[in-house]
Amino acid sequence: MKRLLKLALSMAFCLGAVAGAPEPVARAQEQAAGDADLQAAKAQFEEAQTLYLKEQWDDAAEKFMSAYDKKPFSSFLFNAAVAFEKAKKLDRAVDLFQRYLDKDPQARDAADVKTRIDSLKALLAPPPPAAKKTDKAPAPAAVLPTIATKGLVIIESKPTGASIFLDDKSKGTFATTPWQGSLEPKPVKLIFEAQGFKSEEREITPRTDKVVEIYIALSEQNFLGWIEVIANVPGADVFIDRQDIGAIGKTPYTGHLKPGKHVLWVARPGYQTSQQEITVAPGTATTHTINLDKVDYAVLRAGGPQSQGARLMVDGALACTMPCEHQLKPGEHHLAVQKEGTEPYAGNLVANRADETTLDMQFSPKPPRTKAWTYAVLSALSFGTGIYLGVKGLDIKDQINNDIANPAKLINNKDSRKRTGEWYYVGADVALGVGVVTGLLSLWNFLESGPPSTATVKNVNLAGPEPKRLSLVPFGLPDGAGLAAAGRF
Amino acid sequence: MRRTMLAFSALALAVGCNPLDFRSTLDRAPVQYIGAPDNFGSNVGRTLLSLAPPADKPKVAARLLFASTDMQALAVADFDGDGNPQVQTAESDDLSTLGLSPGQGGISSAAWLSGPGAAGTVVLGMPDVYGTQGQGTPNGRVGFLNLVADASGKVDFESAHIWQDGAITGGAFFTQPQGHFGLAVARGQVTQTASDEAVVVSDNGVSVLNVTAGLLASTTCTGNLQTPPDLHRSLAVANFLSSGNQQIAVGLPVKGGVGQVFILQYDPVAAELVCVGSPIGVPAPVGNPSVGGFGTALVAVPDMNGDGLAELVVGAPPNQAYLFYSPFDGSTPAKVFSKVVLDPVSGKPQLDPKTGQPQPDTGSEFGQRVALVDVDGDGVKELVITALQANVGNTQKAGQVLVYRLNGDGTTPIAVVDDSNPTGSTEFFGIGLADLEFNSSRACAKGKDAHLLVAGADAGIFTFFRFPGSAADPRCFAQK
């Protein structure tokens with residue numbers, strides 16, 4: 001049953017989709033899935049039918065009533081009445097047949113049911129007393145025609161109120177939606193019509209033991225127009241009315257549109273985006289041919305891991321802060337990427353019209369300056385020590401010179417201060433020498449560069465038939481550096 | 001950062017802390033110190049002898065011979081124009097020719113004779129050499145060593161004559177036992193005036209020699225000259241008593257006794273040296289209780305009293321020196337020099353609380369050496385007296401040299417020269433004195449005949465380019 005329901009719902013969905021109105025289908029699904037009473041009624045109904053085939057009349061009747069309690073379809077009353085009649089519980093059968101008529105007085109079998117009520121009532125009536133007193137034999141009981149339970153067909157449509165014709169319209173309107181009732185268990189074609197909507201047909205085979213649900217979404221007459229968008233560049237993105245929601249397809253594109261004016265964009269990287277207004281007439285097919293022109297610039301996309309915040313310099317000027325995109329005029333450009341704490345990158349790039357170049361940076365960290373600072377401190381200390389010792393030695397030399405110039409002093413050339421002064425000067429020279437060496441080492445370490453940052457440059461000409469790939473990789477040499485290029489053209 | 005580094009580098013290069021600066025600076029020091037050359041050991045400055053300057057560089061160069069008194073070592077300090085000495089030591093073959101042997105002492109006295117070497121001849125007294133004697137009191141030896149100048153003008157030694165045990169040259173030795181022959185030697189013209197002679201003192205007398213004739217004369221008053229051998233003999237040769245041949249003054253200090261100075265004269269008839277007059281003794285009433293040192297040092301002084309004869313200064317340690325005018329009658333000194341204790345704060349003499357007189361500095365061994373040096377270049381030599389164990393600053397017994405003007409009235413030193421490199425006690429600063437005739441660009445002494453004071457110590461030799469205590473003389477420090 002569930003499978004059937006799904007089938008029905010799927011069919012309804014398809015119809016709705018064709019009509020370009022999927023909303024009713026969804027609603028029907030919601031209704032079907034969400035109407036627990038109906039599902040319960042179906043289950044009770046099918047169980048009752050099973051019991052009925054097993055000739056467990058009483059149980060079948062009760063199940064039919066249980067189904068009725070869930071969904072008060074009149075067919076459930078009819079079937080319950082039949083079951084009770086089979087169970088020889090004629091009074092209950094009469095009652096239920098009567099409720100059936102009360103529920104659906106316009107039922108096609110209303111006359112038959114009424115006749116059957118009468119017949120059953122006659123069977124239930126006691127024989128007249130005169131007859132008992134007479135010798136005439138009592139009149140034989142009326143023979144009732146066979147009767148069977150009937151299935152349930154539930155028909156709904158959007159819009160409601162659609163006319164239902166059976167097999168052909170010559171018989172006139174069978175019913176209007178929504179409708180539920182029983183149809184004879186044989187193939188029948190349902191024709192739906194509603195004003196302003198296209199008619200729809202559906203062939204079904206009702207069953208006595210199943211509930212058949214039919215949902216039809218009728219499409220408006222001449223609702224959509226058909227368009228075809230062709231561009232000189234295959235694969236261009238096609239946008240209708242709004243670009244922010246994304247492309248609806250790529251060229252060549254075909255599809256339906258609501259009648260009216262629309263804005264059509266066709267865009268592809270490397271080409272100037274085309275924009276034009278189109279008018280869609282209902283039920284028409286139009287072809288729009290778009291000619292895209294190449295852009296007169298190249299696009300450079302700079303990024304890569306850890307590129308956040310890096311500065312892209314093009315021809316010496318700040319282009320953007322990575323990750324970013326920058327337009328380049330065709331020609332040769334000098335690229336430089338600078339990022340705090342990393343070695344700079346430099347390279348040249350030849351940009352052509354419609355080129356899309358990706359600069360994927362791999363940053364090389366600058367070497368730590370700890371050693372440089374250590375040498376600098378050592379150098380400063382050494383210079384300080386050297387200057388101190390030098391000044392001390394100079395003081396001693398001045399003292400000696402003063403003593404030499406002092407007539408009251410008679411110092412000799414082996415004055416004991418000579419040795420002290422010499423040691424001071426030797427110490428100063430050593431310290432200054434160490435200072436110079438460590439200073440140069442410090443300078444070297446300050447100026448020392450790590451491996452250069454590299455970049456993988458991929459170049460694609462968006463207007464060309466084949467993508468190009470070009471990689472520029474800086475490399476170091478003992479006495480310089482270079483730029484290696486490798487590419488596929 | 002780069003600029004800073006470059007600035008520091010430039011500073012380091014600019015400062016140029018060249019340790020050799022101290023050497024060049026101290027080369028201009030007013031005192032040149034010559035330390036002990038190799039193999040000298042101690043007693044470097046006890047035997048000093050001023051040699052004749054190079055003939056082509058009179059006045060602007062000088063030569064100073066010095067020897068070790070206890071090691072077999074001899075050297076010449078050759079001063080060039082800027083006063084920096086080049087020290088050249090005698091080679092082993094020179095020393096072996098002299099007959100110096102290890103363990104037999106060194107050269108205790110020296111004198112220079114003009115010729116026959118190109119640079120003269122030095123007479124070296126080696127009183128502790130045994131020679132062939134082998135035991136007992138060493139006979140001693142006197143060696144004659146010619147000096148030559150090499151191609152570069154440096155002086156060199158050339159062995160010429162050896163006088164040993166009474167023989168001279170050719171293996172002949174001086175055989176007369178003398179005992180410590182060579183205790184003192186001096187240059188003189190005692191027996192004749194034609195050439196220089198060597199006057200040699202031994203334990204038992206005085207001899208006069210020359211290179212060519214050998215022994216010319218010896219004394220006949222041997223007994224009077226006999227003294228214990230452990231005290232320094234002194235010798236002075238000059239025209240003390242008459243012109244012509246010179247007389248000999250021999251100082252014989254006596255340990256534990258009374259020192260004396262004998263005057264000897266050559267008797268051409270007897271061809272011997274004879275004692276003249278009474279010995280010069282400790283003069284009373286200025287005699288010092290410790291009179292044994294009288295005569296420890298002698299120096300002849302040019303005529304001061306106008307008689308044309310030389311005067312004599314006698315050192316009498318431990319505290320006095322005397323100036324005697326010839327002919328030394330009555331042993332009355334013309335001047336008495338002594339060293340008194342100075343107050344370390346005021347620098348004035350300390351007075352003896354008992355006598356009220358300046359307290360004599362008897363511990364200074366004043367008078368151990370005397371010499372004449374024209375330290376101020378005025379043409380008149382000053383008297384230089386050594387106080388061998390005077391305290392200098394905090395250094396005990398470092399030694400001092402005191403300078404006096406002989407032509408003045410007073411006996412107060414005009415300068416006191418300290419050991420300028422006191423490194424320890426008992427350095428014996430001034431144990432050797434020499435007068436170096438030198439007027440180089442660095443000599444501050446004025447006058448055409450400038451002389452430098454040379455003071456020897458056990459550890460080295462001090463050469464004073466500046467008159468001690470003189471005013472600054474721009475010539476001293478003028479750059480060449």
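1. In this predicted model, B:Leu235 lies across from B:Val250 of strand β16 in chain B. The two residues belong to neighbouring antiparallel strands, since strand β15 (residues 234-238) of chain B is joined to β16(B) by 5 bridges. On its other pairing, β16(B) runs antiparallel to strand β17 (residues 260-267) of chain B, again through 5 bridges. In that pairing B:Leu252 faces B:Gln260 of β17(B).

2. The surroundings of β16(B) deserve a remark. Strand β16 covers residues 247-252 of chain B, and 6 of its 6 residues are buried. B:Gln247, B:Ala249 and B:Gly251 point to one side of the strand, while B:Ile248, B:Val250 and B:Leu252 point to the other, and all are buried. B:Val250, the residue opposite B:Leu235, is thus to be counted among the buried positions of the strand.

3. A second region of chain B to inspect is an open sheet of 4 strands, with the order β1-β29-β28-β27 and antiparallel pairing. Strands β1 (31-35) and β27 (432-437) of chain B are the edge strands; each has a single partner, so one side of each has no neighbour in the sheet. From one strand to the next the twist averages 20 degrees. The partner of β1(B) is strand β29 (residues 460-464) of chain B, and the two pair in the antiparallel sense over 5 bridges. Within this pair, B:Gln32 stands opposite B:Thr463 of β29(B).

4. Confidence in chain B varies along the chain. Its mean pLDDT is 78, and 75% of its residues reach 70 or more. Among the elements of this chain, strand β19 (residues 297-301) has the highest mean pLDDT, 95, and strand β10 (residues 167-168) the lowest, 42.

5. Two stretches of chain B call for caution. Over residues 160-176 of chain B pLDDT stays under 50, although the model has 42 contacts beyond four places in sequence for them. Over residues 474-480 of chain B pLDDT likewise stays under 50, and here the model has 12 such contacts. Predicted coordinates should not be read in detail where pLDDT is low. For the complex, the predictor gives an ipTM of 0.78 and a pTM of 0.59.

6. Turning to chain A, the model has 10 helices and 24 strands. Of the 489 residues in chain A, 32% are buried. Contacts in chain A between residues at least 6 apart in sequence include 56% that join residues at least 24 apart.

7. How are helices α6 and α7 of chain A arranged relative to each other? Helix α6 (residues 90-103) and helix α7 (residues 110-124) of chain A pack at an angle of about 155 degrees, with their axes 9 Å apart. They are therefore roughly antiparallel, and their crossing is left-handed. The residues of α6(A) that meet α7(A) include A:Leu90, A:Val94, A:Phe97 and A:Leu101. On the α7(A) side, the residues include A:Val113, A:Ile117, A:Leu120 and A:Leu124. Charged side chains also take part, among them A:Asp91 in α6(A) and A:Lys114 and A:Arg116 in α7(A).

8. Another helix pair in chain A is formed by α9 (residues 370-405) and α10 (residues 416-447), which pack at an angle of about 155 degrees, with their axes 7 Å apart. These helices are therefore also roughly antiparallel to each other. The crossing of α9(A) and α10(A) is left-handed.

Definitions and conventions: Residues are numbered from 1 along each chain as its sequence is written. Chains are lettered from A and ligands numbered from 1 in the order in which they are written. This is a predicted model: local features need pLDDT of at least 70, side-chain atom pairs count only at pLDDT 80 or more; totals for chains, interfaces and linings use all residues. A residue is buried if 20 or more other C-beta atoms lie within 10 Å of its own, exposed if 12 or fewer, and partly exposed in between; C-beta atoms are placed from the backbone. Two residues are in contact if their C-beta atoms, placed from the backbone, lie within 7 Å. pLDDT is the predictor's confidence in each residue, from 0 to 100. Two strands pair if DSSP finds at least two bridges between them. Axes are lines fitted to C-alpha atoms, for helices over the stretch in contact, and angles run from 0 to 180 degrees between N-to-C directions. Angles under 35 degrees count as roughly parallel, over 145 as roughly antiparallel, 65 to 115 as roughly perpendicular and the rest as oblique. A crossing is left-handed if the near helix is turned anticlockwise from the far one by less than a right angle, and right-handed if clockwise.
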